[in-house]
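Colleague: I have the model open at the bench and would love a close look at one spot in it. Could you take me through that spot and then connect it to the rest of the chain?

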Amino acid sequence: MIQFLKKNNPIPDLSDIHCHILPGIDDGAGSVQESYRLLEMEAEDNVKHIVFSPHFNAEKISVSDFLIKRKNALDQIREKVNSLGIIHMEWAEIRITENLLEIPYEKLCMNNSDCLLLEFPFYQYPVWAEPIIDEILADGFVPVLAHVERYPYLMDTGLLRRYVEKGCLSQINAETVINNPKLVKKLVKENLVDVIASDAHHVNNRCPNLLEAFQTGIVPEKAFRFFEK
Ligand SMILES: [Fe+2]
């Protein structure tokens, strides 16, 4: 039986597996000070695990250069992360591009895991994406599909179900849980919600909001606790 949160239950430790909190590396936090505040907001929400997942596009940067940039960004806030008692991991939100299989994408897995965070292009379904994802699955990796609710072509066509049945995990943004509960309830009912994440970018917009989403009570608790499944 699915366990749903009762609104008055104490808040468990939450995990945010998708956010853009590292400073100066993508369209997320623009300064160390903004990163600090975002981290504090996550801590205030009782988020204990944060996976830093800056955007990666293989048509714009090499994996090795990305890894150096990510490390340099993390080094700037490492002390703050530790002072807040946050356990952190490193990841990448990988845009699905036609050349993805030609790069060492395995280096972009979350620490010590086989999980890759994949982001579809926004406007049109790329027909070449499915063979790429099939090959990633055949190689033993687990694709986590970022904010699947953003793509009408995934939602309206049964494509999301097909990807989930192949072995992909479905990630929904916390903002959608808060602002479109009807859609999220439908996806939960259809077992198409594996994990909720903030996808936080900034202090003033696209903010950390996991606790607010959690407290709606419409998504099973395990979707907020990725590391305790
Ligand atoms: Fe993102």
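Colleague: How many C-beta neighbours does H147 have inside 10 Å?

Modeller: Happy to walk you through it. This is a predicted model, in which local features need pLDDT of at least 70 and side-chain atom pairs count only at pLDDT 80 or more, while totals for chains, interfaces and linings use all residues. Residues are numbered from 1 along each chain as its sequence is written.

H147 counts as partly exposed because it has 19 C-beta neighbours inside 10 Å. A residue is called buried if 20 or more other C-beta atoms lie within 10 Å of its own, exposed if 12 or fewer do, and partly exposed in between, with C-beta atoms placed from the backbone. The place to find H147 is the loop between β7 and α4 (152-155). Helices (H or I, at least four residues) and strands (E, at least two) are DSSP runs, numbered from the N terminus.

The backbone at this spot deserves a look too. H147 is not a glycine, yet its phi is positive, at about 25°. Most residues other than glycine have a negative phi. N46 is another non-glycine residue with a positive value, its phi being near 65°. N46 sits in the loop between α1 and β2, and with 15 C-beta neighbours inside 10 Å it also counts as partly exposed.

Now step back from H147 into β7. This strand (residues 142-145) runs parallel to β6 (residues 115-119), and four bridges join the two. Strands are taken to pair if DSSP finds at least two bridges between them. Within that pairing, L117 stands opposite V144 in β7. Both strands belong to an open sheet of six, with parallel pairing and the order β3-β5-β6-β7-β8-β9. The edges of this sheet are β3 (55-56) and β9 (195-197), each pairing on one side only.

L116 ties this area together. Not counting residues up to four places away in sequence, L116 touches I94, Y105, L108, C109, I136, F141, P143 and V144. Two residues are in contact here if their C-beta atoms, placed from the backbone, lie within 7 Å. L116 is also among the residues with the most contacts inside the largest nonpolar core, which has 61 residues; I94, L117 and I196 are others in that group. Such a core is a set of buried Ala, Val, Leu, Ile, Met, Phe, Trp, Tyr and Cys residues joined through C-beta atoms within 7 Å.

P143 has a further partner in I133, a residue of helix α3 (residues 129-138). Leaving aside neighbours within four places in sequence, I133 is in contact with P143, Y163 and C168. I133 is buried, because 21 other C-beta atoms lie within 10 Å of its own.

There is a second sheet to find. Three strands form it, open and parallel, in the order β1-β2-β4. β1 (14-19) and β4 stand at its edges with a single partner strand each, so one side of each has no neighbour in the sheet. Four bridges join β1 to β2, and L14 stands opposite V47 in β2. Four bridges also join β2 (residues 47-52) to β4; here H49 stands opposite I87, and the bridge partner of I50 is H88. Helix α1 (residues 32-44) joins β1 and β2 in a right-handed β-α-β unit. Right-handed is the name used if, with the strands pointing away from the viewer, the path from the first strand over the helix to the second runs clockwise.

Finally, the whole chain. It holds eight helices and nine strands, and buried residues make up 38% of its 229 residues. Of the contacts with a separation of 6 or more, 74% are between residues 24 or more positions apart. The C-alpha atoms fill a box of roughly 45 × 45 × 30 Å along the principal axes. The radius of gyration is 17 Å, which agrees with the value near 17 Å for a compact globule of 229 residues. That radius is taken over C-alpha atoms, and the globule rule is 2.2 Å times the number of residues to the power 0.38.
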